[in-house]
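Hi,

Here is the structure I promised to pass on. Have a look at it first, and then read my notes below with the picture open beside you.

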Amino acid sequence: MNETPPRVKPFVDLSDEQVHWDLSADLSYSQYLGLDKLLGAQRPLSYQHDEMLFIIIHQVSELWMKLCLHELNATIACVRRDDLGPTFKMLARVSTIQQQLLQSWDVLATITPYDYSAFRNSLGKSSGFQSPQYRMLEFLIGNKNADTIKVFRSDPQVHETLDRALRAPSLYDEVLRLLSRRGLDVPAEAIDRDFTQPYQANKQVAAAWLSVYHNSVKDWDLYELAERLVDLDYKFQLWRFAHVKTVERIIGDKRGTGGTGGVSYLTKALELKFFPELWTIRTSM
């Protein structure tokens, strides 16, 4: 017995939907998101097809970094008032964003060396090294380097903002202050120091963290915070490695457009750790 197959509609029937068709007097999706500015910000300087991809990848990364900064600033505020509950959600969100940033290198790596060289000169001296948000992200998490803000001197407002972040306690500095307030033996030199200088690992701080891990039931929120920080650090290391390999794949050992050595410069950061004691204590457990 032959059955007639059900008729498939060629479109979605909207006749029973209460769609707001007339938005002339109301806020629209495009207006709310500022899509005219957002989608009008891609302005290639060459006629090369892949330059659009290059621009969009970096713009999207800047948007994700903006959200990371939003979450991390809120995290620091919570740590300062010893309210760790909300920080777990915020740091989990940052970790998920980092995964998106990590995957962006896979998309960028679809540009071949030949295709990139066709529009690379259009970049002039512009470089990701000059990203204020990336520098702010590193300062906020704890990788302080006063020399890096020199490149922003031509923009006094940005330079001042980064200088303030350079001099302020980082996320890790605030976490160590919290450990001290909770009664853990954190030495004064680890929490009352020159915040413009890179943090140096401290054996007493390692011992304090080891105590948290050995007493994870009693200090569960500190233990959970520590693991979230390790995840943040771990994802950052993966991001750096993917950055190095993508640059190497596309330009080899050429010097970067911003004047650095390119791959040789990026490789220097591969061993950096924001929260060194949280890694070293794993050997002692």
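At the start of H10, which backbone nitrogen does a side-chain oxygen of Asn-202 reach to? The backbone nitrogen is that of Gln-204, and the oxygen of Asn-202 comes to within 2.8 Å of it. Before you go further, keep in mind that this is a predicted model.

Let's stay with H10 for a moment. The helix covers residues 203-214, which makes twelve residues, and at 1.5 Å a residue they should span 16 Å. The C-alpha atoms at its ends are 16 Å apart, so the model agrees with that expectation. Several residues of H10 are buried: Val-205, Ala-206, Ala-208, Trp-209, Leu-210, Val-212 and Tyr-213. What do they pack against? The buried residues of H10 pack against H8, H9, H11 and helix H13 (276-284).

Next, the salt bridges. There are 17 of them in the structure, and I picked out a few for you to find.

Start with Glu-138 and Arg-240, whose closest N and O atoms are 2.9 Å apart. This pair links distant parts of the chain, as Glu-138 sits in helix H6 (residues 132-141) and Arg-240 in helix H11 (residues 220-251), 102 residues apart. Are the two partners buried or exposed? Both Glu-138 and Arg-240 are buried.

Now try Asp-163 and Arg-167, a salt bridge with its closest N and O atoms 3.0 Å apart. Here both residues belong to helix H7 (residues 156-167), and they are four residues apart, about one turn of the helix. Arg-167 has 52% relative accessibility, so it counts as exposed; the cut-off for that is over 50%.

A third one joins the side chains of Arg-182 and Asp-221, at 2.6 Å from N to O. Arg-182 is in the loop between helix H8 (171-181) and helix H9 (188-191), while Asp-221 is in helix H11, so this salt bridge ties together parts that are 39 residues apart in sequence. Arg-182 is partly exposed, at a relative accessible area of 32%, and Asp-221 is partly exposed too, at 22%.

You can also look for a network of salt bridges, which links Arg-80, Glu-174 and Arg-177.

Moving on to a residue inside helix H4 (residues 85-108): Gln-98. Is Gln-98 buried or exposed? Its relative accessibility is 7%, so Gln-98 counts as buried. Which residues does Gln-98 touch, if you leave aside its neighbours within four places in sequence? The contacts are Asp-231, Leu-232, Lys-235 and Phe-236.

For something on the surface, find Val-12, Leu-14, Val-19 and Trp-21, which make a nonpolar patch of about 450 Å². Val-12 is in the segment before helix H1 (29-33). With a relative accessible area of 66%, Val-12 is exposed.

One last oddity to check is Asp-82, in the loop between helix H3 (51-80) and H4. Its phi is near 55°, which is a positive value in a residue other than glycine. Asp-82 counts as partly exposed, at 34% relative accessibility.

That's everything from my side. Have fun clicking around!

Cheers

Methods:
Residues numbered from 1 in each chain as written. Predicted model: local features only at pLDDT ≥ 70, side-chain atom pairs only at ≥ 80, totals over all residues. Heavy atoms only, no water. Helix = DSSP H or I, 4+ residues; strand = E, 2+ residues; numbered from the N terminus. Buried < 20%, exposed > 50% of the residue type's maximum accessible area, 1.4 Å probe, protein only. Contact = heavy atoms within 4.5 Å. Salt bridge = Lys/Arg side-chain N within 4 Å of Asp/Glu carboxyl O. Patch = residues over 30% accessible without salt bridge, like charges linked within 9 Å, V, L, I, M, F, W, Y side chains within 5 Å. Areas by Shrake-Rupley, 256 points an atom, 1.4 Å probe, with all protein chains shown as cover. Expected span 1.5 Å × (residues − 1). Polar contact = N/O pair within 3.5 Å; in protein donor to acceptor, adjacent residues only side chain to side chain.
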